[in-house]
Amino acid sequence: MSKKAAGSEIERLIALLARLPGLGHRSARKAALTLLKRRTDLLEPLAAALNEAAAKIVQCSNCGNIDTVNPCTICQDPRRDPSLIVVVEEIGDLWALERAGVVKSHYHVLGGHLSPLDGVGPEQLNIARLIERSAPPVKEVLLALNATVEGQATAHYLTDQLRGRDIKVTRLAQGVPVGGELDYLDEGTLAAAIKSRRAF
Ligand SMILES: [Zn+2]
């Protein structure tokens, strides 16, 4: 039988932290220990921030982004170019593009990529709303999808769906390595890929 080193609340904290990406059990124990040692300046503010986020986050019904307001802050921003929608797989990709800061566009988050073997078809993704949005004042849809097989298959599917509309469909160009996921690219590479985007 394994002996427990801490009370069940602490074990639970460690088990939950261990579910975060990039944290195994060992790192989760270290993180938990740091939190417990720094109760007032870290643990309590973090708990409050988590509570607040859990109470307020909503998915934007327009673009699929996650924010505390619906429509999200980006959709409501009048300084953004209303003629350009940048389509991404995940919210992390949207954040990466915003960090790169090259385009002041609107976005559309698909929520993943097509993957028939995993049961992910067009209906499982936020595609119907994208097709609806692809109308004036939108003039260009930039498919900023991962350079993976699934990402590119998804891009081809979307290009087919958008055909026949008065919309320019473009994709990221140079700089995105084959198999590359946007979230892991540095900002300069992303910026270059956006600036030299090309038509499908
Ligand atoms: Zn939005």
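## Exercises on a predicted 200-residue chain

Buried residues, meaning those under 20% relative accessible area (exposed is over 50%, partly exposed in between; 1.4 Å probe, protein chains only), make up 38% of the 200 residues in the chain. The model is predicted: local features need pLDDT of at least 70, side-chain atom pairs count only at pLDDT 80 or more, and totals for chains, interfaces and linings use all residues. Residues are numbered from 1 along each chain as its sequence is written, and side-chain values use heavy atoms, with hydrogens and water left out.

### Exercise 1. The overall content

Task: state how many helices and strands the chain has, and what its C-alpha trace spans along the principal axes.

Solution.
- Step 1. Helices (H or I, at least four residues) and strands (E, at least two) are DSSP runs, numbered from the N terminus. The chain has eight helices and seven strands.
- Step 2. The C-alpha trace spans about 65 × 35 × 35 Å along its principal axes.
- Step 3. Contact means heavy atoms within 4.5 Å. Among contacts between residues at least 6 apart in sequence, 56% join residues at least 24 apart.

### Exercise 2. The sheet

Task: give the strand order of the open sheet and identify the strands at its edges.

Solution.
- Step 1. Two strands pair if DSSP finds at least two bridges between them. The five strands of the open sheet follow the order S4-S3-S5-S6-S7, and their pairing is mixed.
- Step 2. Strand S4 (105-109) and strand S7 (198-199) are at the edges; each has a single partner strand, so one side of each lacks a neighbour in the sheet.
- Step 3. S3 and S5 are parallel and share four bridges; Val87 has Leu143 of S5 as its bridge partner.
- Step 4. S5 and S6 also run parallel, joined by four bridges, and Glu140 stands opposite Lys168 in S6.
- Step 5. Strand S6 (residues 168-171) and S7 run antiparallel and are joined by two bridges. Here Thr170 stands opposite Ala199 in S7.

### Exercise 3. Strand S5 and its cover

Task: determine which residues of S5 are buried on each side, and which helix lies across S3, S5 and S6.

Solution.
- Step 1. In a regular strand the side chains alternate between the two faces of the sheet.
- Step 2. In S5, Glu140 and Leu142 are buried on one side, and Val141 and Leu143 are buried on the other; both faces are thus covered.
- Step 3. Helix H7 (residues 149-162) lies across strand S3 (81-88), strand S5 (140-143) and S6, and runs at about 165° to S5. Axes are lines fitted to C-alpha atoms, for helices over the stretch in contact, and angles run from 0 to 180 degrees between N-to-C directions.
- Step 4. Together, S5, H7 and S6 make a right-handed β-α-β unit; right-handed applies if, with the strands pointing away from the viewer, the path from the first strand over the helix to the second runs clockwise.

### Exercise 4. Two helix pairs

Task: describe how H5 packs with H8 and how H2 packs with H3.

Solution.
- Step 1. The axes of helix H5 (residues 91-100) and helix H8 (residues 187-195) come within 9 Å and cross at roughly 90°. H5 is therefore roughly perpendicular to H8; angles under 35 degrees count as roughly parallel, over 145 as roughly antiparallel, 65 to 115 as roughly perpendicular and the rest as oblique.
- Step 2. H5 contributes Ala96, Leu97, Arg99 and Ala100 to the contact, and H8 contributes Glu187, Leu190, Ala191 and Ile194.
- Step 3. Ala, Val, Leu, Ile, Met, Phe, Trp, Tyr, Cys and Pro count as nonpolar, Asp, Glu, Lys and Arg as charged, and the others, Gly among them, as polar. The H5 and H8 contact has six nonpolar, no polar and two charged residues.
- Step 4. Helix H2 (residues 25-37) and helix H3 (residues 39-56) have axes 6 Å apart and pack at an angle of about 115°. They are therefore roughly perpendicular to each other.
- Step 5. Thr34, Leu35, Leu36 and Lys37 of H2 meet Arg39, Leu42, Leu43 and Leu46 of H3. These residues divide into five nonpolar, one polar and two charged.

### Exercise 5. Cis peptide bonds

Task: locate the cis bonds that precede Pro71 and Pro137.

Solution.
- Step 1. Most peptide bonds are trans.
- Step 2. The bond from Asn70 to Pro71 is cis, with omega near 0°, and Pro71 lies in the loop between S2 and H4.
- Step 3. The bond from Pro136 to Pro137 is cis, with omega near 10°, and Pro137 lies in the loop between helix H6 (128-133) and S5.
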